[in-house]
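Q: Could you take me on a close look at the place where the ligand sits? I would like to know what surrounds it and what the space there is like.

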Amino acid sequence: MNLDNPYLLLTPGPLSTTQTVRQAMLRDWCTWDTDYNEIVQKIRAGLVALGNASQAYTAVLMQGSGSFSVEAVLWTALTPESHLLIVSNGAYGQRMAKMAGMMGVKSTLLHFPENERATVEAVQKAIASNNEITHVGMVHCETTTGILNDYLPIARMAKSMGKVVILDAMSSFGGIPIDLSDGNVDFLISSANKCIQGVPGFGFVLAKRAALESCKGNSRSHSLDLYDQWHSMETQSGKWRFTSPTHTVRAFLQAMHELEEEGGVVARNNRYRNNHRVLVEGMSQVGLKPFLASDLQSPIITAFLEPDSDLFNFKKLYDGLKQEGFVIYPGKVSQAPTFRIGHIGNVFPEDIERLCAAVRKIKFW
Ligand SMILES: *Cc1c(COP(=O)(O)O)cnc(C)c1O
């Protein structure tokens, strides 16, 4: 059996993982046994440390993809009396609004163009103009475009106005330094298969203990009750309430070791930034330009404008690159035709150079 991957995933997750992470899945674990629960506890402690969070924070793992963890936070933090202000410049902000709407919680979507960052002033004005607002939700790296939002000044301001702050750091945590020690974020959400480079199957939340404790009994979803999930893990030494993705969890512990071996978040961030730089240089040689201004760009994923030619065909580029061993991502931007290339995962500048050579080889329009 050939265990090599036929192509490299240049996508925002699931992404290409190391063989050692995948090998960590080659045994079975009992979801209730202490051997396994100790792994869970190590991961929980490691995540708090990775967020540079103090003992004021705690980590909870939740089954499902990242969206399940976002939804678990919303079910748990919000009540029918809450009002969520969502600062949005892309699809993931809108997804939060959709979730709040479906749970019958009032929300206001504060829209910014997909190629602009939210400003503290605009968010402050929105909060000041509606005294119903209790919570503020925002996205750190909007994977729609790859824009890196400046969450900290907004979180600080919202906190000073007494709001609960929810940060979707799904595609940034582990790849971009985040420091929770100042206590301005109440709930930070991320998942196993993004910058920590694990395989998919669960998400996690770094929550301020006091904020989470105050949510007891709020959730009207049982499976997505983050408080209940946390209470079980916290009081029963790492026990999940229901069947957990044991193989994924074990692989994640390996991925956390490998992040540390690489030199931690700063070293990983440097590698991702180099990937991005090599990509933009290489693509510019065939006339492809990024959608975002460079000062807005994250090192996670790059959206490129489709060439201004009727002959351009994304499928042809996609299929050609797949043949050459690379899978890329379609666009998601509403205001311009784009396609996206992710540069997170077990991907190195040499891989990106090979990708650019493949793009040059394919006559994609
Ligand atoms: C990946 C991602 C999510 C979660 O998506 P899933 O498909 O549910 O894993 C949420 N927000 C952002 C910003 C993401 O990049």
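A: Happy to! Keep in mind that this is a predicted model. Let's start with the neighbours: the residues around the ligand are S65, G66, S67, Y92, R95, V139, C141, T143, D168, M170, S171 and K194. Sorted by class, this shell holds four nonpolar, five polar and three charged residues.

Now zoom in on some polar side chains. S65 has a polar side-chain atom 2.5 Å from an oxygen atom of the ligand. An oxygen atom of the ligand also lies 2.8 Å from a polar side-chain atom of K194. For D168, the partner is a nitrogen atom of the ligand, with a polar side-chain atom of D168 2.7 Å away. How much of the ligand does the protein bury? On its own the ligand would expose 380 Å², and the protein buries 86% of that.

Next, step back to the space itself. The ligand takes up the space of the largest pocket. Two elements each give two or more residues to the shell around the ligand: α3 (66-77) and α4 (91-102).

The largest pocket holds about 340 Å³ of space. Its lining is made by 25 residues, and those nearest the centre are G66, S67, Y92, R95 and K194. Here too, α3 and α4 are the elements that give two or more residues to the lining. The biggest share comes from α4, with four residues. By class, the lining of the largest pocket divides into 11 nonpolar, 10 polar and four charged residues.

Key. Residues are numbered from 1 along each chain as its sequence is written. This is a predicted model: local features need pLDDT of at least 70, side-chain atom pairs count only at pLDDT 80 or more; totals for chains, interfaces and linings use all residues. Side-chain values use heavy atoms; hydrogens and water are left out. A residue is near a molecule or strand if one of its heavy atoms lies within 4 Å of it. A polar contact is a pair of N or O atoms within 3.5 Å; within protein, one must be able to donate a hydrogen and the other to accept it, and residues adjacent in sequence count only if both atoms are side-chain atoms. Accessible areas come from the Shrake-Rupley method with a 1.4 Å probe; for residues, only the protein chains shown count as cover. On a 1 Å grid over the protein atoms alone, a cavity is a set of points where a 1.4 Å probe fits but cannot get out, and a pocket is an open set with protein on both sides within 12 Å along at least five of seven lines; lining residues have an atom within 4 Å of a point. A molecule sits in a cavity or pocket if more than half of its atoms lie within 2 Å of its grid points. Ala, Val, Leu, Ile, Met, Phe, Trp, Tyr, Cys and Pro count as nonpolar, Asp, Glu, Lys and Arg as charged, and the others, Gly among them, as polar. Grid points are joined across faces, edges and corners, and a volume is the space filled by probe spheres set on the points.
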